[in-house]
Amino acid sequence: DAKMMFGLLFSLKNICTAIDPTREVKRPLGAPTPHGAGCSFSSFTTDCYKLHYLDSPSGIKIVLNTSTDVGNLEKALWTIYSSLYCEYMVKNPLW
């Protein structure tokens, strides 16, 4: 399941970057993208679930699968990243 999720996220990010309307020069589909460059997505919804996605500045990807009736969780994902990950992982000298 982890490999399928990685493939899904990788493909969606590449598609978003390839069709980015703000870039004059389009990247070829599948070309490596520097972190933070190009368009990205924050969530998508299917009939069964809603996937929320955060690609943080440090390269950590946070993914939440929720029910379809949940609203936008981008602020909650940033809170998880800044309050939990940065506080307890990055600042931990033993990590």
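Here are four short exercises on the structure above, each with a worked solution.

The structure is a predicted model, where local features need pLDDT of at least 70, side-chain atom pairs count only at pLDDT 80 or more, and totals for chains, interfaces and linings use all residues. Residues are numbered from 1 along each chain as its sequence is written, and side-chain values use heavy atoms, with hydrogens and water left out.

**Exercise 1. Find out which pattern the protein follows along the sequence.**

Step 1: Start with the elements, which are DSSP runs numbered from the N terminus: helices are H or I with at least four residues, strands are E with at least two. The protein has two helices and three strands.

Step 2: Now read along the sequence, and the pattern is α-β-β-β-α.

**Exercise 2. Work out the order of the strands in the sheet.**

Step 1: Look for pairs, meaning strands with at least two bridges between them by DSSP. Strand 1 pairs with strand 2 over three bridges, in the antiparallel sense; here Phe 44 stands opposite Leu 51.

Step 2: Strand 2 (residues 50-55) and strand 3 (residues 61-66) also run antiparallel, joined by six bridges. Lys 50 has Thr 66 as its bridge partner in strand 3.

Step 3: Put the pairs together, and you get an open sheet with the order 1-2-3. Strand 1 (43-45) and strand 3 are at the edges with a single partner strand each, so one side of each has no neighbour in the sheet.

Step 4: Check the turn too. Five residues lie between strand 2 and strand 3 in their hairpin, and Gly 59 in the turn has a positive phi of about 95 degrees.

**Exercise 3. Describe how the helices lie relative to strand 2.**

Step 1: Angles run from 0 to 180 degrees between N-to-C directions, with axes fitted to C-alpha atoms, for helices over the stretch in contact. Contact means heavy atoms within 4.5 Å.

Step 2: Helix 1 (residues 2-18) lies across strands 1, 2 and 3, at about 70 degrees to strand 2.

Step 3: Helix 2 (residues 74-90) packs on the sheet and touches strand 2 and strand 3, making about 45 degrees with strand 2.

**Exercise 4. Identify the residues of the largest nonpolar core.**

Step 1: Such a core is a set of buried Ala, Val, Leu, Ile, Met, Phe, Trp, Tyr and Cys residues joined through side-chain atoms within 4.5 Å. Buried means under 20% relative accessible area, with a 1.4 Å probe and protein chains only; 21% of the 95 residues count as buried.

Step 2: The five members are Leu 54, Ile 62, Leu 77, Tyr 81 and Tyr 85. Helix 2 gives the most, with three residues.

Methods:
Buried means under 20% relative accessible area, exposed over 50%, partly exposed in between (1.4 Å probe, protein chains only).
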